[in-house]
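Hi everyone, thanks for making time. I'd like to walk you through one model today, strand by strand, and then finish with some charges. Here it is on the screen.

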Amino acid sequence: MQKLSNQEKIRPWMGFALFAFIMVFFLTFGRYIQNKLGIAGVIITEISFLAIAVIFALVSGIKLKEMFPVKKVTARDLFGVGFLHLAGILFSYISLGIVGTLIPSSLKDIDRLNDFLFGNLSLIPALIIVGLLPAVCEEAIHRGAILSCFRSIKKDWVIVLIMAVFFGINHMSLIKFFSTALLGGVMSYILVKKNNILLTMLMHFVNNAFSVFAGFKSGAAGGQSIFANGGMIKYLGIYLIMGFAAPVFLVIGSMLLKPEEHKKSRFKIAGICSFIILAAGVFFTKKFFFGDYMNTAVSMEIKADQSEYEVGGFDIDEEKTCMIVIQLEGAEGDYRVRIDGDKGSNIINAPVPEDGKKTVWYQPLFWEDHYTVYVVPEDNAVGESPTFRIVIQ
């Protein structure tokens, strides 16, 4: 990687120390000011990152134009960054599917963040606060000040790996660690190869802006997602299929940025990886998405003289653990869902959560039997016309 003119003034240990300072700063002042001021606290925190980066450059005696290098952006650079960005997004889908399946509770972090941001902002302010500010301020501290400390390291991949881990840790979320680490690694790779922070800022902004539009389009500000209640395993195959082209895009992007370093064998390796991801996606989709014992949506009118409503039945031919996802819409009252076996077993008799979209997830053990699903409304539900979506797989 291109070194600074005064490289001897900063060393790799300073990068680790600066990152540690940033994390302590964020966990103390940043958390306090955000809890106290909300969105205004987010703005102050981001601007503080930029200020720390500039102060570090001034104190260390490094020229600002070297620590935050700005160069002319070519069409080839834009296409390269575009393909690398696509690769990062697709790898993020794969990461989300895998981590969300293994640790479903981690998905609640996404709901809490979306509620905090999109529940308090309209589209344009969200693009500025969630899109533009981090693209400038976080890039200044990560790809600017911190990465500059590692320019003396001879192996570029070591720099990229360190910066990827730092960026993942900085987002303080288990579900987002791998996805943000991947994106952080891609942006660090771009800076290492092109030494142009404008490219990483552009990628950072486009990535965050995409998240903003997706958040508003999906109505992320209201309620918990089905995934946050454990339903991600059903969609794991779809996420793998969505992301299968990531390795190929990664190779195309790196080839466009640095054609002189490209090796044809990388396409063969990328193709093999993409095929494996696609095959796994097809397998999981077939297994979980099209293997439902029950997948039904039932609307009903709750009457005072009817204590329970039969939704449907299904057969289990051998002892196994099944996933049950229940989603209730169009109701304010309290409801329970009961599943009984003909041989006398009661699998669940559980309340549907009162908040958000009223979604609940279970993984009980079933025995060989015929089962019937019932909806049991409470007295405060009389007169409502709810719709139950029940999936058992």
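Let's start with strand β4, residues 324-329, and strand β10, residues 387-392: the two run antiparallel to each other and are joined over six bridges. Before going on, please keep in mind that this is a predicted model.

If you want to find the register of that pair, look for Val325, which sits opposite Val391 in β10. A second marker is Leu328, whose bridge partner in β10 is Phe388.

Now, what does β10 do with β1? Those two strands also pair in the antiparallel sense, again over six bridges. Here the residue to click on is Ala297, which stands opposite Arg389 of β10.

Put together, these strands belong to an open sheet of four, in the order β1-β10-β4-β7, with antiparallel pairing. Its edges are β1, residues 294-299, and β7, residues 359-362, each of which pairs on one side only. On average, neighbouring strands in this sheet are turned by 10° against each other, if we ignore direction. As a general reminder, the strands of a sheet pair through backbone hydrogen bonds, whether parallel or antiparallel.

On to another sheet. Which order do its strands follow? This one is also open, with four antiparallel-paired strands in the order β2-β9-β5-β6. The edge strands, pairing on one side only, are β2 and β6, the latter covering 346-351. Ignoring direction again, neighbours here are turned by 15° on average.

Within this sheet, β5 (residues 335-341) and β9 (residues 369-377) are paired antiparallel over seven bridges. To check that on your own screen, go to Gly341: its bridge partner in β9 is Tyr371.

Staying with β2 for a moment, that strand spans residues 309-316 and includes Asp315. Asp315 joins Asp317, Asp342 and Glu368 in forming a negative surface patch.

And that brings me to charges that do find a partner. How many salt bridges does a search of the whole structure turn up? It finds eight. One of them links Asp77 and Lys194, with their closest N and O atoms 3.3 Å apart. Why pick that pair? Asp77 lies in helix α4, residues 75-102, while Lys194 lies in helix α8, residues 174-194, so the contact ties together parts that are 117 residues apart in sequence.

That's my tour. Thanks for listening, and I'm happy to rotate the view for anyone who wants another look.

Conventions
Residues numbered from 1 in each chain as written. Predicted model: local features only at pLDDT ≥ 70, side-chain atom pairs only at ≥ 80, totals over all residues. Heavy atoms only, no water. Pairing = 2+ DSSP bridges. Axes fitted to C-alpha atoms, helices over the stretch in contact; angles between N-to-C directions. Patch = residues over 30% accessible without salt bridge, like charges linked within 9 Å, V, L, I, M, F, W, Y side chains within 5 Å. Areas by Shrake-Rupley, 256 points an atom, 1.4 Å probe, with all protein chains shown as cover. Salt bridge = Lys/Arg side-chain N within 4 Å of Asp/Glu carboxyl O. Lys, Arg positive; Asp, Glu negative; His and termini not counted. Charge placed at Lys NZ, Arg CZ, Asp CG, Glu CD.
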